[in-house]
Amino acid sequence: QVQLVESGGGLVQAGGSLRLSCAASGSIFSINAMGWYRQAPGKQRELVVVITSGGRTDYADSVKGRFTISRDNAKNTVYLQMNSLKPEDTAVYYCNTEVRVRSGLVIRWGQGTQVTVSS
């Protein structure tokens, strides 16, 4: 069993900052890519950013220069530092990881954390 626990969401004014965390636990051999997705009301879930095990990153154009992803492999944790937040960043943010377990590779999602940016 692999679980992801997210934290760090909340309410912030436009221009403010938030930091999200996502910790993976369980019978983990290794973790490949880790990423963040978001889903706003009435919209499809979209990729925000992904980071590979080697540290390569891929950001959505809408967050480039404002959001920064990082990971601590020793803690099986990924972070998302969000600066210069805009009302359009309001969404539920989900952590996603590709984890190698005994039986092979599995994809896991966090429970989601609400980020609300007021204008």
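Q: Strands (E, at least two residues) and helices (H or I, at least four) are DSSP runs, numbered from the N terminus. In which strand does Val101 have its place?
A: This is a predicted model, in which local features need pLDDT of at least 70 and side-chain atom pairs count only at pLDDT 80 or more, while totals for chains, interfaces and linings use all residues. Residues are numbered from 1 along each chain as its sequence is written, and side-chain values use heavy atoms, with hydrogens and water left out. Residues 91–101 form one strand, and Val101 belongs to it: strand 9.

Q: Is Val101 buried or exposed?
A: Buried means under 20% relative accessible area, exposed over 50%, and partly exposed in between (1.4 Å probe, protein chains only). Val101 has 14% relative accessibility, so it counts as buried.

Q: Which residues does Val101 touch, not counting residues up to four places away in sequence?
A: Contact means heavy atoms within 4.5 Å. By that rule, Val101 touches Val2, Ser27, Phe29 and Val106.

Q: In what order do the four strands of the open sheet lie?
A: Two strands pair if DSSP finds at least two bridges between them. The pairing in this sheet is antiparallel. Strand 1 (2–7) and strand 7 (67–72) are the edge strands, each pairing on one side only. The order is 1-3-8-7.

Q: What is the bridge partner of Cys22 in strand 8?
A: Strand 3 (residues 18–26) and strand 8 (residues 77–82) pair in the antiparallel sense over six bridges. Along this pairing, Leu20 has Leu80 as its bridge partner. For Cys22, the partner in strand 8 is Val78.

Q: Which residue takes a positive phi in the hairpin of strand 7 and strand 8?
A: Strand 7 and strand 8 run antiparallel and are joined by six bridges. One of the bridge pairs is Arg71 with Val78 in strand 8. The hairpin has four residues between the strands, and the residue with a positive phi near 50° is Asn76.

Q: How many residues of strand 8 are buried?
A: Strand 8 is mostly covered. Of its six residues, the number buried is five.

Q: Which strand gives the largest share of the largest nonpolar core?
A: A nonpolar core is a set of buried Ala, Val, Leu, Ile, Met, Phe, Trp, Tyr and Cys residues joined through side-chain atoms within 4.5 Å. The largest one has 32 residues, and Trp36, Phe67, Leu80, Met82 and Tyr93 have the most contacts inside it. Eight strands are not equal here: five residues, the largest share, come from strand 9.

Q: Which core residues with the most contacts inside the core does Tyr93 contact?
A: Neighbours within four places in sequence are left aside for Tyr93. Its contacts include Glu6, Leu20 and Val115. Also among them are Trp36, Phe67, Leu80 and Met82.
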